[in-house]
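Subject: Structure handover

Hello,

Please find the structure below, with the sequence. My notes on what turned up in it follow.

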Amino acid sequence: MDALHHASAFSGYVYPNETIIPWSVLIVVYPYLTGLVAGSFTVSSLYHVFGMQQFKPVARFSMLLALCLMVCVPMPLLLHLGHPERAFNAMITPHLTSAFAIFGYAASFYTILLMLENWFVYRPQIVQIATEGKGPLKWVCRVASLGSNDLSEYAMNYDHKWIYALAVIGIPAALGLHGYVGFVFGSLKSREWWSSDLMPPVFLLSAVISGTALVILLYVLTSLARKVAIEEPCVKGLAYTLWGFLMFALILEGLEIASMLYRSREGIDVIVTFLTGPLVVPFFILQIGLGSVVPLLTLTYVIVRGSKGRALTAAVFVSAALVLCAVLLMRWNVVIGGQEIAKTGKGLVSYEPEVFGREGLIAAGSVLFLPLILMFVATRIVSPWAEETRAAVLRGRTPA
């Protein structure tokens with residue numbers, strides 16, 4: 001019972017078992033992380049697959065970021081389970097009628113794909129560390145190189161072919177991974193707020209904009225920390241990507257709400273009450289207004305005006321931060337909001353998350369912060385920046 005979060009109050013006709021909301025804030029974090037994975041990998045693929053040179057400065061970085069995020073994706077579900085060690089049962093005895101059970105196979109496949117692609121991308125640096133490095137890291141890289149120390153032109157061309165092939169496979173895999181999350185919620189007919197055919201594409205587009213926004217934030221911050229110039233074509237390319245997908249995401253969310261109201265199915269009265277009551281601030285003002293419309297107008301202004309330099313970087317940076325918060329709010333409004341609407345269609349339930357505990361806000365925040373820690377450790381081993389070489393780092397020289 002301690003792991004469950006209690007509703008503080010309820011109104012109207014509510015079933016007794018609905019006074020406890022079973023899917024907590026950790027289930028909010030879960031689709032948020034998967035969206036960041038899909039979005040950051042999409043940014044990487046714009047260079048590796050489509051050859052858009054403006055994304056070269058962040059191509060390797062976003063790919064490594066996708067791997068660090070993907071490693072942490074199962075953690076919210078494992079923390080939410082009463083016996084996380086039983087998660088392996090879903091792999092050993094598959095239950096193909098359960099979308100969550102299938103996630104184990106989808107996530108494993110995509111994790112292996114990300115590991116392979118990162119290995120081919122960073123293999124030259126791994127080989128250099130294995131041959132020129134010192135200490136335990138040298139021996140770790142010797143194992144990680146898998147005995148492949150050939151850095152000839154033929155070997156590098158072979159690696160690039162694999163990188164391209166894996167990136168091509170990874171695009172539908174990444175989008176499918178997060179689209180399935182939208183399918184999980186959209187296929188649940190017991191919740192009027194979730195039961196929508198547009199839920200998977202809404203999740204997909206929000207995933208791309210959240211991952212793109214995270215890459216923008218980290219690229220700007222790490223460039224400032226490394227005291228290197230922020231490449232304007234890269235920032236502009238990321239701004240166009242964020243702007244385009246954000247526009248479509250807003251349109252789809254509007255269509256989803258409009259179709260829900262137009263169908264006027266049983267229980268629509270409580271939906272209207274929810275939209276015009278508890279959801280006004282978190283949905284209309286924060287998620288749609290401040291987190292979506294404001295960034296869209298800001299990006300439109302800098303693109304039309306042709307802003308450059310610090311003005312462009314600052315506007316795109318702030319817009320990306322607002323979009324990240326908006327997508328997190330979207331996940332909250334879907335996961336928690338869907339459970340605040342009673343299955344009877346005649347009442348609402350309020351939710352108060354814990355602060356401490358296995359499913360508290362601190363635990364959820366720690367899971368969100370963990371990929372950044374992994375990314376920091378990974379960048380101490382290999383360099384994801386296009387202008388740096390691992391050989392320069394090994395010699396102790398300042399990268400150009």
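**Enclosed cavities**

Four helices, α8, α9, α11 and α12, each supply at least two residues of the lining of the second largest cavity. Please keep in mind throughout that this is a predicted model. The space in that second largest cavity comes to about 90 Å³. Its lining has 13 residues, and those nearest the centre are I209, E253, S292, A326 and V327. By class, eight residues of this lining are nonpolar, four are polar and one is charged.

The count of cavities of 30 Å³ or more is three. The largest cavity holds about 100 Å³ of space. Its lining consists of W193, M199, V202, E253, E256, I257, M260, F283, Q287, M330, N333 and V334. The elements giving two or more residues to this lining are α8 (199-226), α9 (232-263), α11 (280-305) and α12 (309-340). The largest share, four residues, comes from α9. Eight of the lining residues are nonpolar, two are polar and two are charged.

E253 deserves a note of its own: it appears in the lining of the largest cavity, and it is also among the residues nearest the centre of the second largest cavity.

**Pockets**

The largest pocket has a volume of about 660 Å³. It is lined by 26 residues, with L77, L78, L81, A87 and F103 nearest its centre. Two or more residues of the lining come from each of α2 (56-72), α3 (75-80), α4 (89-92) and α5. Helix α5 gives the largest share, seven residues. The lining divides into 17 nonpolar, seven polar and two charged residues.

For the second largest pocket the volume is about 540 Å³. There are 19 lining residues, and L64, L67, N118, W119 and I126 lie nearest the centre. The elements that contribute two or more residues here are α2, α5, α6 (136-144) and α13 (361-381). Again α5 provides the largest share, in this case six residues. The class count for this lining is 18 nonpolar, one polar and no charged.

Helices α2 and α5 therefore deserve a look in both places, because each gives two or more residues to the lining of the largest pocket and to that of the second largest pocket.

**Salt bridges**

How many salt bridges does a search of the whole structure find? The search finds two.

One salt bridge joins the side chains of R123 and D159, at 2.7 Å from N to O. This pair links distant parts of the chain, with R123 in helix α5 (residues 99-132) and D159 in helix α7 (residues 153-186), 36 residues apart. R123 has a relative accessible area of 1%, so it is buried. D159 is also buried, because its relative accessible area of 4% is under the 20% cut-off.

The other is between E359 and R358, whose closest N and O atoms are 3.7 Å apart. Are its two partners buried or exposed? E359 counts as buried, because its relative accessibility is 2%. R358, at 36% relative accessibility, counts as partly exposed, because that value falls between the 20% and 50% cut-offs.

**Helices α1 and α8**

Helix α1 covers residues 25-48, which is 24 residues. From its first C-alpha to its last it reaches 35 Å, close to the 34 Å expected at 1.5 Å a residue. Of its 24 residues, 23 are buried, and the helix is thus mostly covered.

Helix α8 has 28 residues, which should span 40 Å at 1.5 Å a residue. Its end C-alpha atoms are 40 Å apart, so the span agrees with the expected one. This helix is mostly covered too, with 20 of its 28 residues buried. Just after α8, K227 takes a positive phi of about 60°. As described above, α8 is also one of the elements that give two or more residues to the lining of the largest cavity and of the second largest cavity.

Regards

Definitions and conventions
Residues are numbered from 1 along each chain as its sequence is written. This is a predicted model: local features need pLDDT of at least 70, side-chain atom pairs count only at pLDDT 80 or more; totals for chains, interfaces and linings use all residues. Side-chain values use heavy atoms; hydrogens and water are left out. The expected span of a helix is 1.5 Å times one less than its number of residues. Buried means under 20% relative accessible area, exposed over 50%, partly exposed in between (1.4 Å probe, protein chains only). On a 1 Å grid over the protein atoms alone, a cavity is a set of points where a 1.4 Å probe fits but cannot get out, and a pocket is an open set with protein on both sides within 12 Å along at least five of seven lines; lining residues have an atom within 4 Å of a point. Grid points are joined across faces, edges and corners, and a volume is the space filled by probe spheres set on the points. Ala, Val, Leu, Ile, Met, Phe, Trp, Tyr, Cys and Pro count as nonpolar, Asp, Glu, Lys and Arg as charged, and the others, Gly among them, as polar. A salt bridge is a side-chain nitrogen of Lys or Arg within 4 Å of a carboxyl oxygen of Asp or Glu.
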